[in-house]
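Subject: Structure for you to look at

Hello,

Here is the structure I said I would pass on. My notes on it follow below.

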Amino acid sequence: MTKKLGLLALCMMLLFVLSACGGRPGSGAENTGSNAAADSGGEAAAEGTEELTPEPGAELTFWTIKDGYSDYAVQEFEKKYNIKVTVEDVAYWDSVARMSTDGPSGNGADVFGMTNDFLGGAVNAGLVLPNDYFEEDTKTINRKLAVDASTFEGILYGYPRSVYTYGLYVNKDLVKDAKLDTWDDVIAFSKEFNDVKSNKFGFMFDSGSFYLFSFLTGYGGYIFGSNETDPTDIGVNNEGSVKGMTFLKSLKEILPFKLTDMTRDAKNGLWEQGKLAMNMDGSWEIGKYSKLPFQVAVIPLPAMPEGKTPVTLAGTTSYYVSTYSKYPNAAKLFANFITSKDMQIKDNELIGSIPAAEGINDSIRKDEIMQGFLKQIENSRMWSSLPEMQYFGQFMDPAFDAVWNGADVKATLDKAAEGMKTNIESKSK
């Protein structure tokens with residue numbers, strides 16, 4: 001009897017300790033073994049002390065796209081905290097798939113970069129810890145759209161680094177003083193400028209659905225309802241989407257190619273050779289396009305017929321702490337450090353990233369490229385973080401291609417919407 005009472009008391013004590021250390025559902029404590037439950041940083045968080053305490057002997061593996069900023073950020077963190085960080089060059093769109101296998105085997109990252117369209121899948125796969133200790137700091141310094149994009153089902157997971165969208169890069173040496181306020185202006189310029197034999201074109205876009213959907217949003221199209229949060233409401237075939245797709249199809253007049261031939265490499269090759277006057281591309285190319293041998297500016301996407309303005313899709317690149325990290329406190333400290341307001345300003349200075357932080361426009365680059373993208377961000381809609389987004393490209397990429405090749409717009413979009421709906425409903429059963 002004494003042994004049973006002793007065992008019961010021990011169990012009650014363990015439950016109390018786990019509760020005091022924040023082992024609530026979704027906190028990540030239940031996913032990180034003894035490190036999260038017993039570390040001094042967990043106690044510091046509960047007591048509201050000033051800074052999270054990293055685990056003794058912590059070393060971190062960091063997955064990101066290696067660039068001038070990532071190298072700088074790691075060096076600054078190592079100098080301040082004396083914690084070694086090994087950087088591996090892993091693309092943001094590859095990290096979730098790799099973590100799914102490398103995380104459980106102990107070969108994954110402690111902190112990894114990811115764009116927000118992968119967040120829902122990463123959470124459902126149990127790959128990421130909530131951003132709990134630095135939650136209020138993150139919400140205070142960053143744009144709401146960046147925070148919302150790093151949040152899934154009401155829980156903040158990400159540490160936003162930057163936001164991105166796309167606009168119209170303009171070769172000022174070629175367009176000179178041409179009027180480019182509307183798509184009618186772009187079409188008129190391209191008709192005069194195009195020289196197919198010389199491989200010169202006034203305008204070109206990347207044929208991916210991420211870019212092309214902006215023409216549908218201009219007339220009221222959307223992917224999911226309630227600002228891209230309701231997968232039961234699919235808007236890729238509504239009246240606005242049909243009207244927008246019909247307009248997009250009309251651009252074939254100045255783009256005499258198959259849609260599948262307008263690959264990113266082909267388009268960017270012409271642009272960098274000075275044979276393309278206007279290039280619809282993403283803000284992630286700012287660093288490269290700032291160094292071309294001709295003058296470059298960015299303008300927001302021009303107005304469509306009837307004065308309707310295309311709404312670009314936008315995304316957020318954030319860093320996430322792995323549930324498999326042996327050093328979750330050090331990892332959280334690192335993720336927060338490299339995405340602080342001061343570091344985002346440095347990121348902008350070094351490679352031209354558009355900061356996720358708000359209220360710092362006076363501290364970042366003032367060139368025409370950056371200012372153009374800041375304007376475009378104000379007329380953008382965040383790319384959904386729902387795992388159901390996987391069906392958007394799956395069904396809309398072939399839909400865009402079919403319409404470009406002459407298929408009926410409404411029938412094609414209805415088919416795409418039905419395909420998305422069927423797959424989403426099947427997954428939910």
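Two residues count as being in contact when they have heavy atoms within 4.5 Å of each other. By that definition, residues 24 or more positions apart make up 77% of the contacts in the chain with a separation of 6 or more. Please keep in mind that this is a predicted model.

The chain holds 20 helices and 14 strands. Of its 429 residues, 53% are buried. The chain exposes about 19,200 Å², and 52% of that comes from carbon and sulfur atoms.

On the interior: the largest nonpolar core has 98 residues, and those touching the most other members are F203, F205, F215, L251 and M396. The element that gives the most to this core is helix α19 (residues 390-404), with seven residues. Both domain 1 (59-163 + 315-382) and domain 2 (166-313 + 385-428) supply at least three residues each to this core. For M396, the contacts beyond four places in sequence are S209, L216, V236, M245, L413 and A416. There is also a second, separate core of 28 residues, with A73, Y81, I83 and F334 among them.

One charged residue may be worth finding in the viewer. D347 sits in helix α17 (residues 341-351). Is D347 buried or exposed? D347 has a relative accessible area of 1%, and because buried means under 20%, D347 is buried. Apart from residues up to four places away in sequence, D347 touches Y69, R161, G352 and S353.

Regards

Methods. Residues numbered from 1 in each chain as written. Predicted model: local features only at pLDDT ≥ 70, side-chain atom pairs only at ≥ 80, totals over all residues. Heavy atoms only, no water. Core = buried A, V, L, I, M, F, W, Y, C linked by side-chain atoms within 4.5 Å. Buried < 20%, exposed > 50% of the residue type's maximum accessible area, 1.4 Å probe, protein only. Helix = DSSP H or I, 4+ residues; strand = E, 2+ residues; numbered from the N terminus. Domains from an automatic or database assignment. Areas by Shrake-Rupley, 256 points an atom, 1.4 Å probe, with all protein chains shown as cover.
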